[in-house]
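Here are my notes on the model you sent over. Have it open while you read, since the points go residue by residue.

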Amino acid sequence: MLTFIRPVLYLAGMMQLIVAGMMLIPCLLETLSRGPDAQAFFDSAVITGFISLSLILAMKSDIRSLNVKQMFLLVTTTWIITCVTCALPFMTTIAQMSFTDAFFEATSGITTTGSTVMTGLNDMPGGILLWRSLLQWVGGIGIVGIAIVLFPFMRIGGMQLFKSESSEKGEKVIAQAKIFAASLIGVYLLISITSAVIFRLAGMDWFDAINHMMTGVSTGGLSTKDSSIGYYNSIPIIWAAVFTMIMGALPFTWYMKLTVDFNSALGDRQVKAVLSCMLLSVLVMTAWVASYMDMPISWALSHAALNVVSIMTTTGFVSDDYTTWGGFAVMAFFCLCFIGGSTGSTTGSIKLFRWQIFFSSVRQQLLKMMLPHRVIPVRFNSKCVSDEVKDAVANFIILFFLSWLIISLALAMTGLDFVTALTGSLSSLSNVGPGFGDIIGPAGSFAPLNDVAKWICAFAMILGRLEILAVIMVFTRSFWRD
């Protein structure tokens, strides 16, 4: 058993070295600005570094050939340990959170969910605000890497459809990860720099521009202001946020493909579906808001675009309390929570490609009922979709809805009302951020929830971020059998 776990803990320890280094960035900011939290961030970095070195020295082993079971365990274990170490600054800084609140906030950050228990952000020191943004920015590139390199290899929820040729040659994924790393980081940095400049040109100061860049590109949605993007009351800033979220919602491999095969990239079925769904939803919501709220068309379009794109990409930015836009708007936003962006992006939820495969499979079944002797393949981007992929997609969607119902029941058992329990579980599992209702809606926060409810939501965030199956597998009896 120790031989099985040792390389997993070794790699988890390596990850904590990165976390410790991250803590020195807000520490430097606090030192230069003479803020109150420089020592707290330094102490957190030392503690995290000690944990990291302990794991590395105690568990040093060969990591060149991890098997499938170890990959499942690595993904879940690393994410949980990282959430614990990332919670340290929230407890030691001026935020002075309890461990429950700190773990919730750290989990929301690293999973790019965007739910928060923090209030009074407008007056918070820059260090803690930067720390929240850093968590989402690093969490964003982390989940992109896992989605592109590991999830296809692990055959999670139909992700094998996006397996590269190199992953077909064996079960050694470390070499493949190295190949992807440089390109992924390059694309992520380019998008991030572009986003920060756009936010600055739109009217933000550099500090807010960098923070919103990190939480926008990662489709995380944490803001430096209590009222999020609505604080600025600026149409240019709203559209800067919209552009940033869309960039984060598209597949990162698609950006790489643009430089190699431009025409093929433009014809990508998933990208076209994501952009078309966004455009249609924005136009419908604009018409509704302009008529229902009697709002000028420029503001109606801006508010509709930001909030629709934010929910669909599971970002969590808000420019207005959309729960006051009437029943149709609330129901529409509720439905958008189930869509998500592209696979291989920083978005959460079910992902649009799974809905494409699902509805294509339904169409195939209907045609077979009418033409039983005809061969009707399901295609995606000119490739035939295997029965294995179709089954994986169907299983994932079923598991998603089943998990949502179970988590909703668990939250209701803690004393939450129907709306809060139902939408709190959905926003956590989909990594959307804000829920619906008076407590956790776009104008509220998760702070009023009791500790048990916060732990349930934190677990749901990890479950949704790791595509459900990666977490469930670790808790099965067969996983631990030899």
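The points below cover the salt bridges and then a surface patch.

1. Ground rules. This is a predicted model, so to speak of local features a pLDDT of at least 70 is needed, side-chain atom pairs count only at pLDDT 80 or more, and totals for chains, interfaces and linings use all residues. Residue numbers run from 1 along each chain as its sequence is written, and side-chain values use heavy atoms, with hydrogens and water left out.

2. Salt bridge count. How many salt bridges does the structure hold? There are six, a salt bridge being a side-chain nitrogen of Lys or Arg within 4 Å of a carboxyl oxygen of Asp or Glu. As background, side chains of opposite charge can pair when their charged atoms come close.

3. R132 with E105. These two side chains form a salt bridge at 3.1 Å, N to O. R132 sits in helix α6 (residues 126–154) and E105 in helix α5 (residues 99–110), so the bridge ties together parts 27 residues apart in sequence. Helices here are DSSP runs (H or I, at least four residues), numbered from the N terminus. Both R132 and E105 are buried, where buried means under 20% relative accessible area, exposed over 50%, and partly exposed in between (1.4 Å probe, protein chains only).

4. E467 with R354. Here the closest N and O atoms are 3.1 Å apart. E467 is in the loop between α19 (451–465) and α20 (469–474), while R354 belongs to helix α15 (residues 352–370), so this pair ties together parts 113 residues apart in sequence. E467 and R354 are both buried. Don't look at the pair in isolation: K351, R354 and E467 are linked in a network of salt bridges.

5. K390 with D387. This salt bridge, 3.1 Å from N to O, stays inside helix α16 (residues 387–413), with the partners three residues apart, about one turn of the helix. Buried or exposed? K390 is buried at 13% relative accessible area, whereas D387 is exposed at 52%.

6. The nonpolar patch. I185, L189, I193, V197, L201, W206 and I210 form a nonpolar patch on the surface, with about 680 Å² of accessible area together (Shrake-Rupley method, 1.4 Å probe; for residues, only the protein chains shown count as cover). Patch members have over 30% relative accessible area and no salt bridge, with nonpolar side chains (Val, Leu, Ile, Met, Phe, Trp, Tyr) joined within 5 Å and like charges within 9 Å. Two elements, α7 (174–202) and α8 (206–217), give two or more residues to the patch, and α7 supplies the largest share, five residues. I193 lies in α7 and counts as exposed at 57% relative accessibility.
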